[in-house]
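Thanks for coming. I will go through one structure today, starting with the contact between two chains and then moving to a strand and a pair of domains.

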Amino acid sequence: MVGAFEQALLAAMIFVIMLGMGASLTPRDFWLALKRPQGLMIGVVSQYGFMPFIGFIMAVTLDLPEPIAIGLLIVSCMPGGTTSNIFTYFSKGNLALSVLMTVTSTIFGVVLIPVVLLIYASALDLTIPRENIIATLVVLLIPVAIGMTLRKLNANIGAVTEFMGSALALFFIAFIAVSWVPRNWQFLLDTTPATYFAAIMLGVFGIAIGYIFARILRLHPRNARTVALETGIQNAPLAIAIIALTFAGSEQQGIIAVGALYSLFIVITSTIVTLIFRRANTAAEQKLPDSLL
Amino acid sequence: MEDAARPWRAFYGPHVRPEIEAASHRTLPDLIGGVAETYRSAPAFTCVLPNGMNGTLSFAQVDEMSDALAIYLREVAGLGAGDRVAVQMPNALGFPVAAFAVFKAGCVLVNVNPLYTAEEMARQFEDAEPHALIIIDMFADKVPMATRGHPIPNIIVTRVAEFFPSMPRGIVGLVQRYWDKSVAPIELPHIRLPDAISAGRAHRARDHVEVSDYGAHLEPDDVAVLQYTGGTTGVSKGAMLTHANLIVNMEQTFELIEGLEKGKEIALTALPLYHIFAFTVNLLGFWALGGRNLLIPNPRPLSNLRRAFENYRITWMSGVNTLFNGLSNETWFLDTPPRHLKFASAGGMALQAAVAERWEGITGKPLLQGYGLTETAPVLTFNPLGKTRAGSIGVPVPSTEIACLDEAGHPVPQGEAGEIAARGPQVMKGYWRRPDETAKVMRGDWFLTGDIGVMDADGYIRIVDRKKDMVVVSGFNVYPNEIEDCLVTHPGVLEAAVIGVPDAASGEAVKAFVVARDTGLTQADIRAHCKEHLTAYKIPKTVEFRDALPKSNVGKILRKDLRAAELAQTAAE
């Protein structure tokens, strides 16, 4: 669906974006998130406990063709990806927590993805491409580390990098949404309402349940918003890679479709959620008297 | 008075000079140049924006630029010694350059609140009659309105990211223009601050002008700053602070601020420099100490301070109750309290004991309260390090006498309440062109503060009341007369009275009592009307509509009755 050049371009863009995200962080942010690991643990439970369950319920209750149901289950079992970090950044969430959640859910995924699939899809025999998992971590952690170092060396270079990275991220989000539609026009026309529902609501339910779960466990609203985005936003490219490696022919086409459709709608859903979260963040800000101080 | 009458000296540390016999420098230009010689290339000021973008000037750079700007003011703009120069900007790198240039040019600095409305600016300009205005571009759109009656011949425009490296400066400029839309085109003829500095440099090279010539005739007793304040009647007037007032007060304060090392400190300056507390203590005090000053243009919301706390090892900060209280409620601040802070100083408004306690719990470092007024440059008392007393404004700083007087002007017996009067080298020369107003607050060489205090046997002072009707909103003085004058210009308002009421966030808040001409008038109407004419902090937070206001026999509105009723009601709740 995407050519090698486009893939390289996207990878480069994500690298620069994550460089900017990293420049907004300090080692102390990570230390704090690690010092209070509840958020992290809640994230892993939410990621591998709720999401596959949501996927399973929809696969069973909705009238979906079998390839679509399989694709839905696979996407719902994925860890979080860089996209969730970007949206966490824009929603003024806890970016260090988001990055750590992505890292843990990705590493845990090696073991947990087969386990949850065993539970929900009765031993659907999938090939988990370790190189893709490693690539996910590299593309995430190396630029973040470089970004943090840049900021440490020179606050101005850090701030400029962050500015550029976030500007590119906005472009990236718009680019994904806008370029996707014409490339998949026929596919959009052929897709049934039930499939649409599943692809859209997987993200919506994931974000909503992640948020409610985190709030029930009394996480700070900022961390709850982070868990919500991290839960709802899956690493769809990883799902697509797994499907491409495991299945072939028309079966592959059908299963991959859910991943592609999800990728489009999660960007739209997350943008709306981010705007809501930003507003909530502003509303929660302290109201200082009108004098300068 | 004898030494016996100054029991507070027992609380001075072993290195504190009880009397400042002679100030370290005669005039501010001497001080500025002398300090720059010592610390040359060390960073003096770093302006930190909310996203972490920053610009830094060294001691030598500030010295050289302010030299050049002083030459511009005198040679190009044609100002003479003693001419007033208004400076109107938030904390930014242009501020120290502009303020120091004014002193070096032998001129008088007029600090103007950048958030003032055009009307408020006009009133101050009419009184001070500045020959030049150095203003931030964000607020320059108010200048045509503010100077309609009294044009200011020279206008110099600066910006928030002035003297930043080109990349962040460019980004900030683009964001301000196209995203925030906070910079409007400037209609009046003007020159940009860097261009004015360049013009001054060119002049220096060509005509071999010596900046020191401008300051040669300055005397310690010459006026350096006109610091505007409302006073009892609310008539805005400029307190004439001399070179000696400012230098001595900075030294008096730093005598008691022990534990800071020359050339090693990093101060957070989130309070605005146009306010006398930050001006004397942060700007002048940390310059003299060879410290690095982190200038925060806008501390609201408080998350704007986060990058400054993350990126710099802040060792000292000043603030008002509101700031310390606000920071104590920010999650990020609780998560990562500053690790290198030695202590913090509070002034401007009463520091609440609960706030101080909470702050000290979070940072593990003391929060010391001081007290002073615009008219006293400003510091009169401070709590000595390690000997703080909750709820007290501390003990008099060196070379300062404090007495509590009765109505007749005699000292009250120890332990009884009286009006706080102060005598010392920091007391202003008087109000600018208002001898009548000066006479009201001076009794011989004693300055009457209008605050009612009690002095303990050992010299610690507590404020118990205020004689004036003034309201202090988060460190800013609000004068009821000014607000009432504004209220009655609304066609729907028959009569109005304004008082201060206790407020959890700002210490005190402005409350208006209004007798309406028509019944349809709402609080929102009143506030909207005020917003057109007054700075935000002066706008009544609440408006209560009444059928009548309490009045004396001669028809004077009794604010004290309204205040008493209000306090009784609060107590009942």
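Start with the contact between chain A and chain B: 36 residues come from chain B and 20 residues from chain A. On the chain B side, four helices give two or more residues each: H6 (166-180), H11 (306-311), H12 (321-328) and H13 (331-335). Sorted by class, that side of chain B has 20 nonpolar residues, 13 polar ones and 3 charged ones. Please keep in mind that this is a predicted model.

Next, a strand in chain B. How many of the residues of strand S9 are buried? S9 of chain B covers residues 237-242, and 6 of its 6 residues are buried. Lys237(B), Ala239(B) and Leu241(B) point one way from the strand. Gly238(B), Met240(B) and Thr242(B) point the other way, and these too are buried. So much for the burial; now the pairing. S9(B) runs antiparallel to strand S8 of chain B, residues 223-229, and 6 bridges join the two. One residue pair to look at there is Tyr228(B), whose bridge partner in S9(B) is Gly238(B).

Last, the domains. The domain assignment of chain B gives domain 1, residues 59-218, and domain 2, residues 472-572. Their C-alpha centres lie 36 Å apart. Where these two domains of chain B touch, 6 residues of domain 1 are in contact with 4 residues of domain 2. The domain 1 side of that contact has 2 nonpolar, 2 polar and 2 charged residues.

That is the end of my part.

Key: Residues numbered from 1 in each chain as written. Chains lettered and ligands numbered in written order. Predicted model: local features only at pLDDT ≥ 70, side-chain atom pairs only at ≥ 80, totals over all residues. Contact = placed C-beta atoms within 7 Å. Nonpolar A, V, L, I, M, F, W, Y, C, P; charged D, E, K, R; others polar. Buried ≥ 20, exposed ≤ 12 C-beta atoms within 10 Å, placed from the backbone. Pairing = 2+ DSSP bridges. Domains from an automatic or database assignment.
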